[in-house]
Amino acid sequence: MVKEPAIPWRHEMKYLISDMEAEALKKRLGFLMRLDPHVSGKQGYFIRSLYFDDDRGSAIEEKDAGVFYRKKYRIRIYNCSRDILFLERKRKEGAYIQKASARLSEEEYLRLMNGESGFLLGHRERVCMDFYTDLSAKRLHPVIIVDYERVPFICQAGTVRITFDSHVRAAAPYGGLFDSGLPAYEVLDPGTQILEVKYTEFLPEEIRCLLQINSSVQISASKYVLCLEKRRQMISAGQAIY
């Protein structure tokens, strides 16, 4: 096991905004920020995350209880590609977040889905050992798939990252991770999306002024929580897709 470099803690703020507000903000931010280089054109990219939790549903339980320190694990892919998979751990302390990640192969993902996890100990990244430990100690298992389209802007000053997430959808956790036609439920009200503002050092005043964030509705719920609650509602109503 090699010592990993220190992972910075970042500020995170989330807002629920309208599609119209989002388009106006993108135009304004384009003068000070640039699109993430991974974006093709101006359409952004598709993100799918498979989240893990224990039998108690601690992720939501701890959030509702106001636990200061929380964490959750997910496997993330982009544009339904089998080529790049990430195991990620997101920690949260108050208004600060920290994300650690490690690359996985499709074969390793399939082994995890079959209950095999020993191979994680062969990875260099600390997040893999932590995930292996929590899989055993907390009996973590897949609980929800979260889908959405993202348009990300970045700025070197303050290491700012501003993202617009639309068409947030919840899907059954045992569906095909790489299936672009996976059935899912829309979570947000029509015509709305989630604006996320993340920065490590500071939020430049020019960007803060362009955002006009005080006029938007700040939210605390994560996309994971929103999707899990939506799926639970559908199951209770007998309308869930399994």
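This talk goes through selected helices, a pocket and several single residues of one structure, which is a predicted model.

Good morning, colleagues. I shall begin with the pocket, then turn to the helices, and close with some individual residues.

The largest pocket holds about 1200 Å³ of space. Which residues lie closest to its centre? Of the 50 residues that line it, these are Arg74, Arg76, Glu88, Lys99 and Arg150. Strand β4 supplies the largest share of the lining, namely six residues.

Two of those central residues deserve separate treatment. Let us take Glu88, which is found in strand β5. Is Glu88 buried or exposed? Its relative accessibility is 3%, and because buried means under 20%, Glu88 counts as buried. Its side chain is joined to that of Arg74 by a polar contact of 2.7 Å. Leaving out residues up to four places away in sequence, Glu88 touches Lys72, Tyr73, Arg74, Arg76, Tyr78, Lys99, Ala100 and Ser101. That list includes Arg74, Arg76 and Lys99, which are also among the residues closest to the pocket centre.

The second is Arg76, in strand β4. At 4% relative accessibility, Arg76 is likewise classed as buried. With which side chain does the side chain of Arg76 make a polar contact? The partner is Tyr148, at 3.0 Å. With residues up to four places away in sequence again set aside, Arg76 touches Ile47, Arg48, Ser49, Tyr51, Ile84, Leu85, Phe86, Glu88, Tyr148 and Arg150. Tyr148 therefore appears both as a polar partner and in the contact list, and so, under the 4.5 Å heavy-atom cut-off for contact, does Glu88 appear in the list for Arg76.

I turn now to the helices. Helix α4 covers residues 126-137, twelve in number. From its first C-alpha to its last it reaches 17 Å, close to the 16 Å expected at 1.5 Å a residue. Its buried residues are Val127, Cys128, Asp130, Phe131, Asp134 and Leu135. How are these buried residues arranged when one looks down the axis of α4? They fall within an arc of 160°, and so they line one face of the helix. What covers them includes the strands β3 (45-53), β4 (69-78), β5 (85-93) and β6 (96-104), together with helix α3 (106-113). Strand β4, which also gives the largest share of the pocket lining, is thus part of what covers the buried residues of α4. After α4 comes Arg139, whose phi is positive, near 55°.

Helix α6 runs over residues 223-236. Its 14 residues should span 20 Å at 1.5 Å a residue, and since its end C-alpha atoms are 20 Å apart, the two values agree. The residues buried in α6 are Lys223, Tyr224, Val225, Cys227, Leu228, Arg231 and Met234. α6 is followed by Gly238, which has a positive phi near 70°.

Positive phi values also occur elsewhere. Cys80 is a residue other than glycine, yet its phi is positive, near 60°. Where is Cys80 placed? Cys80 sits in the loop between β4 and β5. With 14% relative accessibility, Cys80 counts as buried. His167, also not a glycine, has a positive phi of about 50°. His167 is located in strand β8, residues 160-171. At 45% relative accessibility, His167 counts as partly exposed.

Finally, two serines in loops. Ser117 lies in the loop between α3 and α4. Its relative accessible area is 15%, so Ser117 is buried. Which residues is Ser117 in contact with, leaving aside its neighbours within four places in sequence? These are Leu112, Tyr132 and Leu135. Leu135 has been named before, as one of the buried residues of α4. Between Ser117 and Thr133 there are 9.6 Å in space, C-alpha to C-alpha, for 16 residues in sequence.

The other serine, Ser105, lies in the loop between β6 and α3. At 30% relative accessibility, Ser105 counts as partly exposed. How far apart in space are Ser105 and Gln193? Their C-alpha atoms are 31 Å apart, with a sequence separation of 88 residues.

That concludes the presentation. Thank you for your attention.

Terms used. Residues numbered from 1 in each chain as written. Predicted model: local features only at pLDDT ≥ 70, side-chain atom pairs only at ≥ 80, totals over all residues. Heavy atoms only, no water. Helix = DSSP H or I, 4+ residues; strand = E, 2+ residues; numbered from the N terminus. Expected span 1.5 Å × (residues − 1). Buried < 20%, exposed > 50% of the residue type's maximum accessible area, 1.4 Å probe, protein only. Arc of directions from axis to C-beta. Polar contact = N/O pair within 3.5 Å; in protein donor to acceptor, adjacent residues only side chain to side chain. 1 Å grid on protein atoms, 1.4 Å probe; cavity = no way out; pocket = protein on both sides within 12 Å on 5 of 7 lines; lining within 4 Å. Points joined across faces, edges and corners; volume = space filled by probe spheres on them.
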